[in-house]
Amino acid sequence: MSKESNNDRLSLWGTATNYQRTPHDSENSVSRNVRIAWLCFVGLLIVGICAGVNAAYSQSNNSSGAQGAAGEPYPNMPSIAPIGVRIGKYMDVPASAQGPAIDPAKGYRVQDLGKGLYMITDNAIQSMFLIYDRGVVVIDAPQNLAAYIPKAIAEISDKPITHLIYSHSHADHIGGAKALGGHPIIIAHEETLRLLKRDADPNRPLPTVTFSDKYTLRVGNQVLELSYHGNAHEPGNIFIYAPAQRVLMVVDIVFPGWMPWRRFALAQDIPGYFAQVEEIRKMDWDTFVGGHVARTGTHADVDLQAEFNQDVKQAAATALATTKPGEGLNPLDKNNPWAFFDHYIDRVAAQCVNTLTPKWSTKLGGFDVYIWDQCYSMEQTLRIE
Ligand SMILES: [Zn+2]
């Protein structure tokens, strides 16, 4: 604000004060006191009415009295706390979600997948390496495993890392690439190159070889088949298949034993995500590596996740069809379309959570952690995609 306009405002306030004072000065003291008493009475009456109305509104609609604060719970609110509410104790993780123990002195474990292919994991994130006659191919270099990968390779082989494959561009899976050192050939999908150019992260060096549809890597007597199945988790996320070992690695799509990470693992295309789970299910492999959680997966794990996906879809579809928009909304919010939809979508998500809880809460690890997220993203994709 300029000095001039500030002075203007001060002078206006001054004028108003003077204006109030002038008539009082011209009145006699009796009429002034009557007037003051009357004003006080009217003022108290208004304050009283306002306080009464406010208290009644607080009781029926708003526990703290502040606009935007939590009100009465929705009818049939799930026992699982919604997003943003602190949970005292999360549900126990079922045994089926656990994996082999990690030696705490090492911090990682290596799983032999057969014929020179290995998985390395800290039981939270997973990558692989493939040994051939003259070197090693590393598949993903997660930030948290970067220090362990050379040690794990050294347990088995003294050959150098000659190739590095990126499953996709995300830093949690390839943010340790630079730390591996050397100058390996880096292979990725062309969309991954585009995204990494944009991200300009020195810890994720750009791929040196890219492809658009399929790429077969032959090194010594080892083979890896890379293929692209479209956008689901993010553009450029590929399938990596080792035919001799019958191992399929697809990252951030299926989580053996667990609920997917929130919002179907942040899938950028949820219909595409559902389709890829079905593709993985129908493919011919023996061992699945998902890039996360404590163990590898089986066809039973993928079948279970596909069944869960279909149940979420059905539950959200039914909730959308049977929930009445606007029902129970505070009439004072009737001209606020954002509030109208928030109130509707909350009730759809609540019904979706209620439908899924009896069957799924003990079947998948982390059900209570992300079920609200899954229901919110499912209702959204059904409504607009
Ligand atoms: Zn990712």
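A crossing of two helices is called right-handed if the near helix is turned clockwise from the far one by less than a right angle, and left-handed if anticlockwise. The views below are taken from a predicted model.

**View 1. Helix 10 crosses helix 11 in a right-handed sense.** Helix 10 spans residues 337–360 and helix 11 residues 367–384; their axes come within 9 Å and cross at roughly 130 degrees. That angle makes helix 10 oblique to helix 11. On the helix 10 side, the residues that meet helix 11 are Ile 345, Asp 346, Val 348, Ala 349, Ala 350, Cys 352, Val 353, Leu 356, Thr 357 and Trp 360. Helix 11 contributes Phe 367, Ile 371, Trp 372, Cys 375, Tyr 376, Glu 379 and Arg 383. By class, the contact of helix 10 with helix 11 consists of 13 nonpolar, 1 polar and 3 charged residues.

**View 2. Helix 9 packs on helix 10 in a right-handed crossing.** The two axes come within 8 Å, at a crossing angle of roughly 140 degrees. Helix 9 is therefore oblique to helix 10. Residues of helix 9 in the contact include Leu 304, Phe 308, Val 312, Ala 315, Ala 319 and Leu 320, together with Glu 307 and Asp 311. From helix 10, the participants are Tyr 344, Val 348, Gln 351, Cys 352, Thr 355, Leu 356, Lys 359 and Trp 360. The contact of helix 9 with helix 10 divides into 12 nonpolar, 4 polar and 3 charged residues. Among the helix 10 residues shown here, Val 348, Cys 352, Leu 356 and Trp 360 also meet helix 11.

**View 3. Helix 8 passes helix 9 in a left-handed crossing.** Helix 8 (residues 270–282) and helix 9 (residues 299–322) have axes 9 Å apart and pack at an angle of about 150 degrees. Angles over 145 degrees count as roughly antiparallel, so helix 8 and helix 9 are roughly antiparallel to each other. Helix 8 makes the contact through Tyr 273, Phe 274, Val 277, Glu 278, Ile 280 and Arg 281. The helix 9 residues are His 299, Val 302, Asp 303, Gln 305, Ala 306, Asn 309, Gln 310 and Lys 313. The contact of helix 8 with helix 9 has 6 nonpolar, 4 polar and 4 charged residues.

**View 4. Three histidines and an aspartate coordinate the zinc ion.** The donors are His 168 (NE2), His 170 (ND1), His 233 (NE2) and Asp 252 (OD), at 2.1 to 2.2 Å. The 4 donor atoms subtend angles of 87 to 170 degrees around the zinc ion, which makes the arrangement irregular. The donor residues follow the sequence spacing H-x1-H-x62-H-x18-D. His 170 lies in the loop between strand 5 (161–165) and helix 4 (171–174), and Asp 252 in the loop between strand 11 (247–249) and helix 7 (262–266), so this pair ties together parts that are 82 residues apart in sequence.

Technical notes: Residues are numbered from 1 along each chain as its sequence is written. This is a predicted model: local features need pLDDT of at least 70, side-chain atom pairs count only at pLDDT 80 or more; totals for chains, interfaces and linings use all residues. Side-chain values use heavy atoms; hydrogens and water are left out. Axes are lines fitted to C-alpha atoms, for helices over the stretch in contact, and angles run from 0 to 180 degrees between N-to-C directions. Helices (H or I, at least four residues) and strands (E, at least two) are DSSP runs, numbered from the N terminus. Angles under 35 degrees count as roughly parallel, over 145 as roughly antiparallel, 65 to 115 as roughly perpendicular and the rest as oblique. Contact means heavy atoms within 4.5 Å. Ala, Val, Leu, Ile, Met, Phe, Trp, Tyr, Cys and Pro count as nonpolar, Asp, Glu, Lys and Arg as charged, and the others, Gly among them, as polar. Donors are N, O and S atoms within 2.8 Å of the metal (3.2 Å for Na, K and Ca); water is not among the atoms, so sites may look incomplete. Four donors count as tetrahedral if all angles lie between 85 and 135 degrees; four count as square planar and six as octahedral if opposite donors are over 155 degrees apart and all others between 65 and 115; anything else is irregular.
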